[in-house]
Amino acid sequence: VYIKGGTFTMGRVQQDLSFEQDAMPRQVSVTSFYMDETEITNLQYREYLHWLKNVYVDYPQVYKDALPDTLSWRRRLGYNEPFVKYYFRHPAYMNYPVVGVDWVQAKKYASWRSDRVNEAILINEGYIKPNINEQVGRDNFNTEAYLAGQYDPIYEEKKKSYDPDKEGRDIKIEDGILLPDYRLPTEAEWEYAALALKGEATGSNVNTRKVY
């Protein structure tokens, strides 16, 4: 969803009764950005793991490093053992947010998602052919490698080249077909979106108001 940027008070907005002196309030400006409407689900993350397992068949550690930590459910004085065993795998929880994924794992998932989305765009637009079964190990579609000319896909139809000596060319970022990379939101973006604030630009000033 599109989130219009603005300025808001970030940090503690209530009285600091315990005098912890953390999250001191400050004015922060956020530019407009897009954010998923919901968290990444167990099903979506399992699709990622399935892809890693099939592509990096000779490098099983890549798959193991991406597995979420299901033991993160265990807490003292809390009986969460059913979640440890069933939450990530059982179909009843497939549309629940994935749990036990650290920052590094989430960053790698975002990078993988960027590549898969851009690959799907090129396939749907008729520029390359699907070759999922032939992508093994390092030989898989990567957006940066494709733009740098280091990945040779199975072409369906190349973009018309302005060079009369060439029949066609690869898609470039300037063509506006490929999407920017997915990424994790910054702390300010996350808090701004959670507060449901909407920026309204008026001249050089930016005001904020509640939308819901």
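Here is a friendly exchange about the predicted model shown above.

Biologist: Before we start, what pLDDT do local features need in this predicted model?

Modeller: Residues are numbered from 1 along each chain as its sequence is written, and side-chain values use heavy atoms, with hydrogens and water left out. In this predicted model side-chain atom pairs count only at pLDDT 80 or more, totals for chains, interfaces and linings use all residues, and local features need pLDDT of at least 70.

Biologist: How many helices and strands does the chain have?

Modeller: Helices (H or I, at least four residues) and strands (E, at least two) are DSSP runs, numbered from the N terminus. Along the sequence they come in the order β-β-β-β-α-α-α-α-α-α-β-β. The count is 6 helices and 6 strands.

Biologist: Where in the chain is confidence lowest, and where is it highest?

Modeller: The predictor's confidence in each residue, from 0 to 100, is its pLDDT; the chain has a mean of 83, and 83% of its residues reach 70 or more. Over residues 201-212 pLDDT stays under 50. Where pLDDT is low, the predicted coordinates should not be read in detail. Confidence is lowest in strand β6 (residues 205-210), with a mean of 40, and highest in α2, at 95.

Biologist: What share of the 212 residues in the chain is buried?

Modeller: A residue is buried under 20% relative accessible area, exposed over 50%, and partly exposed in between (1.4 Å probe, protein chains only). Areas come from the Shrake-Rupley method with a 1.4 Å probe, and for residues only the protein chains shown count as cover. The chain exposes about 15100 Å², of which carbon and sulfur atoms supply 52%. Buried residues make up 33%.

Biologist: Turning to helix α4, how far apart are its end C-alpha atoms?

Modeller: The expected span of a helix is 1.5 Å times one less than its number of residues. Helix α4 covers residues 103-124, and its 22 residues should therefore span 32 Å. That agrees with the model, where the end C-alpha atoms are 31 Å apart.

Biologist: Which residue caps the N-terminal end of α4?

Modeller: At the other side, just after α4, G126 takes a positive phi of about 85°. At the N-terminal end, a side-chain oxygen lies 3.2 Å from the backbone nitrogen of V104, and the capping residue is D102.

Biologist: Which elements do the buried residues of α4 pack against?

Modeller: The buried residues of α4 include Y109, W112, I121 and L122. Contact here means heavy atoms within 4.5 Å. The partners of these buried residues are α1 (42-55), α2 (60-66) and α5 (143-147).

Biologist: Which element gives the most to the largest nonpolar core?

Modeller: In soluble globular proteins, nonpolar side chains tend to be buried together. A nonpolar core is a set of buried Ala, Val, Leu, Ile, Met, Phe, Trp, Tyr and Cys residues joined through side-chain atoms within 4.5 Å. The largest has 14 residues, and among those touching the most other members are Y45, W51 and Y109; α1, α2 and α4 each give two or more residues. With 6 residues, the element that gives the most is α1.

Biologist: Which residues beyond four places in sequence does Y109 contact?

Modeller: Y109 is one of the buried residues of α4, and the buried residues of α1 in turn pack against α2 and α4. Leaving aside neighbours within four places in sequence, Y109 touches I40, Q44, Y45 and Y48.

Biologist: Is T143 buried or exposed?

Modeller: T143 is found in helix α5. Leaving aside neighbours within four places in sequence, T143 is in contact with S114, D115, N118 and L178. Its relative accessible area is 5%, so T143 is buried.

Biologist: And which side chain makes a polar contact with the side chain of S29?

Modeller: A polar contact is a pair of N or O atoms within 3.5 Å; within protein, one must be able to donate a hydrogen and the other to accept it, and residues adjacent in sequence count only if both atoms are side-chain atoms. S29 lies in strand β3 (residues 26-30) and is exposed, with a relative accessible area of 59%. Not counting residues up to four places away in sequence, S29 touches G6 and T7. The polar contact, at 2.9 Å, is with the side chain of T7.
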